[in-house]
Amino acid sequence: MPGVAALLSERLQSAFDTLMPGSDPVLRPSDRADFQANGALALAKRLGRRPVEVAQAVVAAARLDDLCERVEVSGPGFVNLVVSTAFVQRSVRTMAEDHRLGVEPAASPERVVVTYSHPNVAKEMHVGHLRSTVIGDALCRMLGHLGHDVVRENHVGDWGTPFGMLIEHLADIGEEAAVAELSVGDLTGFYQAARSSFDADDAFKERSRRRVVLLQSGDPDTLRMWRVLVEHSITYFDEVYAKLGVLLTDDDVKGESFYNSMLPGVVADLDAAGLLVKDEGALCVFPRGFTNREGDPLPLIVQKSDGGFGYAATDLACIRDRVDSVRATRLLYVVGAPQSQHLQMCFEVARMAGWLPDGVTVEHVAFGSVLGADHRMLRTRAGTSVKLVDLLDEAVSRAADAMAERGRDADLDAEERHAVAHALGIGAVKYADLSTDRVRDYVFDWDRMLSFEGDTGPYLQYAHARIKSIFRRAASDAPTVAEAGTHEVAEQASAIVIATPEERALGLGLLGYASAIQDAVEASSPSKLCAYLYGLATTFTTFYERCPVLRAPDEATRRSRLALVETTARVLAEGLGLLGIEAPERM
RNA sequence: GCCCCCGUAGCUCAGCGGAUAGAGCACCGGCCUCCGGAGCCGGGAGCGCAGGUUCGAGUCCUGCCGGGGGCGCCA
């Protein structure tokens, strides 16, 4: 089932084609009608005709009588479209019957690599990892729902010079002690201890340097210790991911070390392509369009003057691997905005080397920073970065407090109370992160994100829980509804009758679901889905205020509204699910 | 110095080249024997500045101002 907007757009397209093939109808939601087509204005210019005439010609040519009850030219040449209630009713029934809620899988599925989260071994996950992990997770879920073949990649920082000192520190304190420290998640303590030995002790520093060489040369004992660090760190990351409720697993880890064997090939092939330049001892590529502070060409250093490979080499190897081995046609990098230039340089070098063929798209899904109330990077009072687990635990604990304050937790047992607090707290943090345009910085504010009012996770979860509450009550009133269960009520889709303005508004709102997901995926912007869901929730509450469901005037209306409201709950739950946010039955 | 991102209501944010720039919070005023008031209805208040492109600019271009970030061997 094509969406309402898509259907209208299609019909208008044929009308526009009669005037000039390929001209865009520019269909948009309207505050004066349900939709408006603005394409006539631009087309008039190209045809050298009056906009109003063009609009009239479009209206005359368009076959819309089965979809619209009113089509009129307005203003300078807008075409306002009011869809017929019968069409809304028909479409909502179809949607309610569909287990995919009208969301069609992509016509040509792609294999999409999404790289996100990327914590560093033996380093604590902090708020900086929050956005990448949460945004990447939502993108994976949405892409997957549209039928794309999603390959998640967690580019864990598991290689490089710091590992010399980390391994020496591990050797010093003994593996058992190290494992004990790492397994309880005290990665910061471990890292800092290694760091301070490195800074204070010249002998340790020298051992560390030698250890790096041993690591790179594949010394078995060194590699074994390295694996201890990596494995226990990943175990810890998994705990954080479980708490956060994201899809990442061990299978998605493709750390920097994975690409080690490919690095010489990267350099050799760049050289063979004549792109490599030796500059101040380092092997560089100079992509077009990048300059440094002196205005000189800016290099991408692939091999350092000491012979070691730079991270650019790894990033280039990644691109090749994803294109050649993973066979991906779309690469998404969920990485902070500050790394924009580095990534753009890598992409450009990959293009110059012919590693990014036509048909493969690559996109930096950039995001801004998380700011504190003072509008500076969020930090603890001590000035250190905030541990992600601490932040998540606080979210859950604050959510539990909020529930207790409202007195809504009385009829929940301890287990459910805890589960709901978790869903609310984590949901609040995720929604706050996802609902803002990702490229902007956003201000982290506990009170606002945990509020049950306004554009928040808890508000959406509440709208969902209220609907579920209707069904619980309906079940006690009339066991037949209970037997039907929630999802099977959708089979009563044929009961849906759109009669009141509020029902119509809710119906139209529901019908925007599919395109909301498509828009969000197209722009790699979960915030677009957030905005849709929030709009639907507010439309629902208006409906709910004015259209009694259980106390509907007659049985037919009651059944219709139950089905309508059930569909709303499904959209809210599924939509939140695509954002990685749980929708509890009650709260 | 060069490059990138951001600047919309008191605050936090939406706005895909189109009509009168929208929400939420806060504030003010209404509503309600309310299926979960964690509600509903209404009100005031805004596009950093200056040019330009366009029939039409918050949106595109240029310059300036303000904030953040980046700028060769860390990742």
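A residue is called buried when its relative accessible area is under 20%. By that criterion, 50% of the 587 residues in chain A of this predicted model are buried.

**Whole chain**

Begin with chain A displayed in full. Its C-alpha trace spans about 85 × 70 × 40 Å along the principal axes. A cartoon representation shows 22 helices and 13 strands. If a surface is drawn, the accessible area of chain A comes to about 26,300 Å², and carbon and sulfur atoms account for 49% of it. Colouring by charge brings out 61 positive and 84 negative side chains, two sets whose centres lie 5 Å apart. Of the contacts between residues at least 6 apart in sequence, 73% join residues that are at least 24 apart.

**The parallel sheet**

Next, select strands β6, β5, β10 and β11. In that order, these four strands form an open sheet with parallel pairing. At its edges are β6, residues 149-153, and β11, residues 361-367, each of which pairs on one side only. On average, neighbouring strands of the sheet are turned by 20° against each other, direction ignored.

Now narrow the selection to β10, residues 330-336, together with β11. Seven bridges join these two parallel strands. One position to label is Val334, whose bridge partner in β11 is Val365. Then add residues 340-352, which make up helix α13. This helix packs on the sheet and touches both β10 and β11, and its direction makes about 175° with that of β11.

**A hairpin**

Move to residues 68-74, strand β3, and residues 78-83, strand β4. Here the two strands run antiparallel and are joined by six bridges. Val73 stands opposite Val79 of β4. The two strands form a hairpin, with three residues between them. Which residue in the turn has a positive phi? Select Gly75: its phi is about 60°.

**A loop and a distant residue**

For the last stop, select helices α14 (388-406) and α15 (414-435) and look at the loop between them, where Asp411 is found. Is Asp411 buried or exposed? Asp411 has a relative accessible area of 56%, and because exposed means over 50%, this residue counts as exposed. Finally, add Met587 to the selection and draw a C-alpha to C-alpha distance from Asp411: the two residues are 9.5 Å apart in space, although 176 residues apart in sequence.

Conventions:
Residues are numbered from 1 along each chain as its sequence is written. Chains are lettered from A and ligands numbered from 1 in the order in which they are written. This is a predicted model: local features need pLDDT of at least 70, side-chain atom pairs count only at pLDDT 80 or more; totals for chains, interfaces and linings use all residues. Side-chain values use heavy atoms; hydrogens and water are left out. Buried means under 20% relative accessible area, exposed over 50%, partly exposed in between (1.4 Å probe, protein chains only). Contact means heavy atoms within 4.5 Å. Accessible areas come from the Shrake-Rupley method with a 1.4 Å probe; for residues, only the protein chains shown count as cover. Lys and Arg count as positive and Asp and Glu as negative; His and the chain ends are not counted. The place of a charge is taken as NZ of Lys, CZ of Arg, CG of Asp or CD of Glu. Two strands pair if DSSP finds at least two bridges between them. Axes are lines fitted to C-alpha atoms, for helices over the stretch in contact, and angles run from 0 to 180 degrees between N-to-C directions.
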